Amino acid sequence: GPRVQGFGPDSPAREAGVRKRDRILRIDGEEISAYSDIRLALLGRAPGDRVQVAVERERLFFGPKELSFEITLQ
């Protein structure tokens, strides 16, 4: 799946706890395997809508961990 490369100013994803290099697994339960899947998962969403984003975060000693964040779209 795609990895987070960076954030725009005042990013709600960063404020929710997503970090650079997290791998995006799912958005509202929809599997994400390419950057185009992100656009499809957010199609029809409006500012103020909330989405659940599942990511995989690499950890130095304990291996990857799956985390979930609720993000309010801007």
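Two residues are in contact when heavy atoms of theirs lie within 4.5 Å. Keep that in mind for the legends below.

This is a predicted model, in which local features need pLDDT of at least 70 and side-chain atom pairs count only at pLDDT 80 or more, while totals for chains, interfaces and linings use all residues. Residues are numbered from 1 along each chain as its sequence is written, and side-chain values use heavy atoms, with hydrogens and water left out.

**Figure 1. The whole chain has two helices and four strands.**
Among contacts in the protein chain between residues at least 6 apart in sequence, 42% join residues at least 24 apart. Helices (H or I, at least four residues) and strands (E, at least two) are DSSP runs, numbered from the N terminus. Follow the sequence and you meet them in the pattern α-β-β-α-β-β. The C-alpha trace spans about 40 × 25 × 20 Å along its principal axes. A compact globule with 74 residues would have a radius of gyration near 11 Å, and the 12 Å of this chain agrees with that. Here the radius of gyration is taken over C-alpha atoms, and the globule rule is 2.2 Å times the number of residues to the power 0.38.

**Figure 2. The surface and the charges of the chain.**
About 5100 Å² of the protein chain is exposed, and carbon and sulfur atoms supply 51% of that area. Accessible areas come from the Shrake-Rupley method with a 1.4 Å probe, and for residues only the protein chains shown count as cover. A residue is called buried under 20% relative accessible area, exposed over 50%, and partly exposed in between (1.4 Å probe, protein chains only). Of the 74 residues, 30% count as buried. The chain also carries 13 positive and 12 negative charges, whose mean positions are 6 Å apart. For this count, Lys and Arg are positive and Asp and Glu are negative, while His and the chain ends are not counted. Each charge is placed at NZ of Lys, CZ of Arg, CG of Asp or CD of Glu.

**Figure 3. Arg 50 and Glu 70 meet through their side chains.**
Start with Arg 50, which lies in strand S3 (residues 50-57). Its partner, Glu 70, is found in strand S4 (residues 65-72). The two side chains make a polar contact at 2.9 Å. A polar contact is a pair of N or O atoms within 3.5 Å; within protein, one must be able to donate a hydrogen and the other to accept it, and residues adjacent in sequence count only if both atoms are side-chain atoms. Arg 50 counts as exposed because its relative accessibility is 55%, whereas Glu 70 counts as partly exposed because its value is 45%. Leaving aside neighbours within four places in sequence, Arg 50 is in contact with Asp 28, Arg 45, Glu 70, Ile 71 and Thr 72. With residues up to four places away not counted, Glu 70 touches Ala 16, Arg 50, Val 51 and Gln 52. Glu 70 and Val 18 are 52 residues apart along the chain, yet their C-alpha atoms are separated by 9.9 Å.

**Figure 4. Arg 57 is a buried residue of the chain.**
Arg 57 lies in strand S3, and it counts as buried because its relative accessible area is 13%. Which backbone oxygen does the side chain of Arg 57 reach? The backbone oxygen of Gly 17, at 2.9 Å. The side chain of Arg 57 also makes a polar contact with the side chain of Asp 22 (2.9 Å). Beyond residues up to four places away in sequence, Arg 57 touches several others, including Val 18, Pro 64, Leu 67 and Phe 69.

**Figure 5. Thr 72 sits in strand S4.**
Thr 72 is partly exposed because its relative accessible area is 34%. Not counting residues up to four places away in sequence, Thr 72 touches Pro 12, Gly 48, Asp 49 and Arg 50. Thr 72 and Arg 57 are 15 residues apart in sequence, and 21 Å separates them in space, C-alpha to C-alpha.

**Figure 6. Asp 10 and Arg 21 have positive phi angles.**
Asp 10 lies in the segment before helix H1 (12-16). Although Asp 10 is not a glycine, its phi is positive, at about 55 degrees. Asp 10 is exposed, with a relative accessible area of 54%. Now move to the loop between H1 and strand S1 (23-27), where you will find Arg 21. Arg 21 is not a glycine either, and its positive phi is about 80 degrees. At 62% relative accessibility, Arg 21 counts as exposed.
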